[in-house]
Amino acid sequence: EAFYGKPVTVADREMVESESDTILANAQTVNVAFLVVGDPFGATTHTDLVIRAKELAIPVETIHNASIMNAIGACGLQLYNFGQTISMVWFTDTWRPDSWYPRVKENRDIGLHTLCLLDIKVKEQSLENMARGRLIYEPPRFMTVNTCLEQMLEIEEKRGENAYGPETLAIGCVRLGTSTQLFVSGTMEQLLDEDFGEPLHSLVLIGKRMHVMEAEMVRGFCPEKYQAKFDEIYKRDYES
């Protein structure tokens, strides 16, 4: 508030999804700014907010922002060679969703890269606290590249449609845009054992239409111990 010289309300996910009327309450008479991390239209909730504003004849101006959707180009893969982006949620004992799998397969079938956005649990309640109506929240959790890989390989083994496999080349992308930004490339199996450190993490599965310049850049992120395998798989599966 000191920086902006204006009152600031921290709008969590629940508020944005359920209390849009509160956000728009005074917007017909005063300027209201809605600040988000990443692209303003990276979430359908934000699109819904614009629709509601227009229904109330509230003018909307958008100032675009950097996001994972363009920052991922720093991993060496060209943005126009990416296909559909997927989101990976944590599996539970009773819920192991794989609705994202066909999207990955579609990308892989035409040689495109797949960006995987990993689950974030912030201000989440346990089932018990939800059932009892207690506003007690679990500690924040951030999915790692390792967990994402484990879950993806589990689903491939279950479905067996050969969308990808242990020797599919991938890139672990962590803390993009920070001073500790890190990329590590290798096979899905190799990256399972890598320590990627603090969040936030993302994963890219590399499509088979990888250009030679992309391959050169990506190989630069491959640890020396993995490079012989990288070269073998690139020549066998990726080199056109």
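Helices are taken here as DSSP runs of H or I with at least four residues, numbered from the N terminus. In the predicted model, Q190 lies in one such element, helix α8, which spans residues 188-191. Because its relative accessibility is 16%, below the 20% limit, Q190 counts as buried. Beyond the residues up to four places away in sequence, Q190 touches Y226 and K229.

At the level of the whole molecule, the protein chain contains 10 helices and 7 strands. Its C-alpha atoms fill a box of roughly 65 × 40 × 35 Å, taken along the principal axes. Of the 240 residues in the protein chain, 37% are buried. Among contacts in the protein chain with a separation of 6 or more, 66% are accounted for by residues 24 or more positions apart.

Helix α10, formed by residues 224-238, includes Q227. With a relative accessibility of 21%, Q227 counts as partly exposed. When residues up to four places away in sequence are not counted, Q227 touches R219 and C222. The C-alpha atoms of Q227 and S185 are 9.2 Å apart in space, while the two residues are 42 residues apart in sequence. Helix α10 also holds K225. This lysine has a relative accessibility of 62%, and K225 therefore counts as exposed. Between the C-alpha atoms of K225 and A66 the separation is 34 Å, with the two positions 159 residues apart along the chain.

The packing of two further helices was then examined. Two packed helices are described by the angle between their axes and the distance between the axes. For helix α5 (residues 101-109) and helix α7 (residues 145-159), the angle is about 85° and the axes lie 11 Å apart. This angle makes α5 roughly perpendicular to α7. On the α5 side the contact is made by Y101, P102 and V104, and on the α7 side by M152, I155, E156 and R159. By residue class, the contact of α5 with α7 comprises 5 nonpolar and 2 charged residues, with no polar residues.

Aromatic side chains were considered next, and the count comes to 4 aromatic pairs. In one of these, the ring centres of Y101 and Y164 are 5.9 Å apart and the ring planes meet at 55°, so the pair is tilted. The two tyrosines belong to distant parts of the chain, 63 residues apart: Y101 is in helix α5, whereas Y164 is in the loop between α7 and β5 (169-174). Both rings belong to buried residues, since the relative accessible area is 0% for Y101 and 5% for Y164. Together with W100, Y101 and Y164 form one aromatic cluster. Y101 thus takes part in the contact of α5 with α7 as well as in this aromatic cluster. Another tryptophan, W90, has R141 lying over its face, at 4.1 Å from the ring centre.

Backbone geometry was also inspected. Most residues other than glycine have a negative phi, and most peptide bonds are trans. Two residues with positive phi and one cis peptide bond are described here. N162, which is not a glycine, has a positive phi of about 60°. This asparagine lies in the loop between α7 and β5, the loop that also carries Y164. N162 is exposed, with a relative accessible area of 65%, whereas Y164 is buried at 5%. R175, likewise a residue other than glycine, has a positive phi near 55°. The location of R175 is the loop between β5 and β6 (182-187). With a relative accessible area of 14%, R175 is buried. The peptide bond from P199 to L200 is cis, and its omega is near 5°. L200 is found in the loop between α8 and β7 (201-205).

Terms used: Residues numbered from 1 in each chain as written. Predicted model: local features only at pLDDT ≥ 70, side-chain atom pairs only at ≥ 80, totals over all residues. Heavy atoms only, no water. Axes fitted to C-alpha atoms, helices over the stretch in contact; angles between N-to-C directions. Parallel < 35°, antiparallel > 145°, perpendicular 65-115°, else oblique. Contact = heavy atoms within 4.5 Å. Nonpolar A, V, L, I, M, F, W, Y, C, P; charged D, E, K, R; others polar. Phe/Tyr/Trp six-rings, centres within 6.5 Å; stacked < 30°, edge-to-face > 60°. Buried < 20%, exposed > 50% of the residue type's maximum accessible area, 1.4 Å probe, protein only. Lys NZ or Arg CZ within 6 Å of the ring centre and 35° of its normal.
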